[in-house]
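Thank you all for coming. I would like to take a few minutes to walk through one model, starting from a single residue and working outwards.

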Amino acid sequence: MALSERLIKALIMSSGLIFVISFTLIPIVWMVALSLSGNPDLLIKGDFRMTLKNYRDLLTSPELHFTDYIRNSIIVASASASLSLTLCVPLSYYLSRLHRNPTAVLFSVLVLSMLPPISSAIPLYRFFASLGLINTYVPLIITYSVWSIPLGTWLIYSYINSLPRDLDRSALVDGASTIKVLLYIILPLSKPGMLCAFVLMFIFSFNEFLFALLFTIDHGSRTVPVGIALFEGLHGEVPWGYITASSLISVIPILITVVLFQRHIISGLTGGGLKE
Amino acid sequence: MRKEALFALPSFAFIFLLLLIPLAGTFYLSFFRYTTFIGKDFNFPENYIRLFEDPVFIKSLLFTLQFTILSVSLELVSGLLTGLIIHSSFPGRGILRGLVLLPWAIPGVVSARAWESMFNYSYGLLNYLTDSILGLRINWLGNELTALLSVAVADLWKTTPFVALIILAGLQSIPEDLYKQAKVDGAGIFRRFREITLPLIGPFILVAIVFRTVDALRVFDLVFVLTEGGPGGSTTPLSLYAYRIYLGGDLGYGSAVSVSLFLISLTVSFLLLLISRRRHGFE
């Protein structure tokens, strides 16, 4: 009985494991193969001729603008995540310590993050266009920071809410102002929560597509996802080598972040604190 | 207003000015007809009447709903499976958790390109396999049915990690003693799953359904890259349809399409939140 049960469990687990791993990896492996093969026509005939040409071109030829896209994406994503953090931290502190009914506010904020971006896109576009800001970093940084507020507030709120209240309460009793409590007590203590929020907001902004497609025109501000989506060969052919290689290069910053912060991300999102 | 509310003011001002006002602006735009070089004139409710008479809109609406139902149900199954796997302990679990997270963290455009390289007629791995085994090539992205399935599979790949994470949170909240007690009472593995695991992670499954449904309704980048809305417009979701109309310069009608998508998402999320609150007293 116990043995057969363990056997069933082991069978389900291992077949599930094999399925999950191969389903996750196969598309990535196929992209790697395409990006490393000089000629996809030959690859599908089973003749794999390895070359690093696609990667070299992307990183060295300025006319492909891929390095511009990477620079733009990193600037936009770090700026918007920082801006969003400065907005979310005071709000989270307020909701956790000074507000009577934080869940109601949190849920209304959450509903906002569920809206379809296209439903607010055109008035925003007209607003930024009237200020002459299209094809600069500004519209993307501002828009992403707004759309990151729900995620950031949820994460930072739950972190601040898990901190013991005695410290800040006694500081208040001793006559410190709420701003001083936030700056000198809450802020230093909630660094891990803020780090997790920053990472996730960075990933969100780095990956966003619709606003980036609308608010950018060329390599001056175009971000990586738009660059990859609009890649076209000089002669109208689909440049599979460049597309797959650029996709894989753009995954590298995300990959490093996920590997470094895997435990923070999981515990932040599952609300498990940062212990485990 | 109390002085402390100033802490909330910056974020609320940002949300109000850059999210709610533009949303209201889309409603406003949808009341007008825009003609290039001539300007706009108030024509409410004509843009909305046009929606019902527009076969392309109806087709796009149907695709959006089909895609949402299909992909969310597939994602629940695979997310549950993946969640159970990354919850149980085995050597290398940390690495596996990182690996499983990867599709969720990479840009949607990249995952669309990855699946395009799988489904592509000439260079795709799938046709490489069917060709070498069966001597047969399938135009995966060129037929309405296979294109719908392809989009759903690509979405499944991208979002299974998210569902799995929520399920993992649910599984971590179940006290281990419950299982021990059930084992002592002689409940088998399937019975324990059905009578302990499923009911206790029920609220988490509902949360996953809510998030995934509203997210699937607004799908954009995946189809923009993978199928470009084709073949024959059969995989054009509402947000892509609105985008195309905007590009054509018809701001009024495009806004009416955007408003209808907004109202659908709002209704669906309210219904789902209502159900979850009623069934689980869950907020």
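**From one loop outwards**

Let me begin at His65(A), which sits in the loop that runs between helix 3 (53-60) and helix 4 of chain A. Please keep in mind throughout that what we are looking at is a predicted model. His65(A) is not a glycine, and yet its phi is positive, at about 65°.

From that loop we come to helix 4 of chain A, residues 66-98, which packs with helix 7 of chain A, residues 138-162, at an angle of about 40°, the two axes being 6 Å apart. Are these two helices of chain A, helix 4 and helix 7, to be called oblique or not oblique to each other? With angles from 35 to 65 degrees falling outside both the roughly parallel and the roughly perpendicular classes, helix 4 and helix 7 of chain A are therefore oblique to each other. Their crossing, that of helix 4 with helix 7 of chain A, is right-handed, and the residues of this contact comprise 18 nonpolar and 9 polar ones, with no charged residue.

Helix 4 of chain A has a further partner to consider, namely helix 9 of chain A, residues 178-189, and here the packing angle is about 105° while the axes lie 11 Å apart. Because angles of 65 to 115 degrees count as roughly perpendicular, that is the description that applies to helix 4 and helix 9 of chain A. Which residues meet in this pair, helix 4 and helix 9 of chain A? On the helix 4 side they are Val89(A), Pro90(A), Tyr93(A) and Leu98(A), and on the helix 9 side they are Thr178(A), Leu182(A), Ile186(A) and Leu187(A). By class, the contact of helix 4 with helix 9 of chain A has 7 nonpolar residues, 1 polar residue and no charged ones.

Stepping back to the whole of chain A, its secondary structure amounts to 13 helices and 0 strands. The C-alpha trace of chain A spans about 75 × 75 × 30 Å along its principal axes, and its radius of gyration is 23 Å, whereas a compact globule of 276 residues would be near 19 Å.

The domain assignment divides chain A into domain 1, covering 2-43, and domain 2, covering 67-270, and the C-alpha centres of these two domains of chain A are 32 Å apart. Their contact involves 5 residues of domain 1 and 6 residues of domain 2 of chain A. On the domain 1 side, helix 1 of chain A, residues 2-36, gives the most, with 4 residues, and that side as a whole consists of 4 nonpolar residues and 1 polar residue, with no charged ones.

Turning to the second chain, the contact between the chains takes 66 residues from chain B and 69 residues from chain A. Helix 1 of chain B, residues 9-29, gives the most to the chain B side, with 11 residues, and the residues of that side divide into 45 nonpolar, 15 polar and 6 charged.

Finally, chain B has two peptide bonds that I would like to point out. The bond from Phe44(B) to Pro45(B) is cis, with omega near 0°, and Pro45(B) is found in the loop between strand 2 (39-42) and helix 2 (46-53) of chain B. Gly230(B) and Pro231(B) are likewise joined by a cis peptide bond, with omega about -5°, and Pro231(B) lies in the loop between helix 10 (221-226) and helix 11 (238-247) of chain B.

Key
Residues numbered from 1 in each chain as written. Chains lettered and ligands numbered in written order. Predicted model: local features only at pLDDT ≥ 70, side-chain atom pairs only at ≥ 80, totals over all residues. Axes fitted to C-alpha atoms, helices over the stretch in contact; angles between N-to-C directions. Parallel < 35°, antiparallel > 145°, perpendicular 65-115°, else oblique. Left-handed = near helix turned anticlockwise from the far one by under 90°. Nonpolar A, V, L, I, M, F, W, Y, C, P; charged D, E, K, R; others polar. Domains from an automatic or database assignment. Contact = placed C-beta atoms within 7 Å. Rg over C-alpha atoms; globule rule 2.2 N^0.38 Å.
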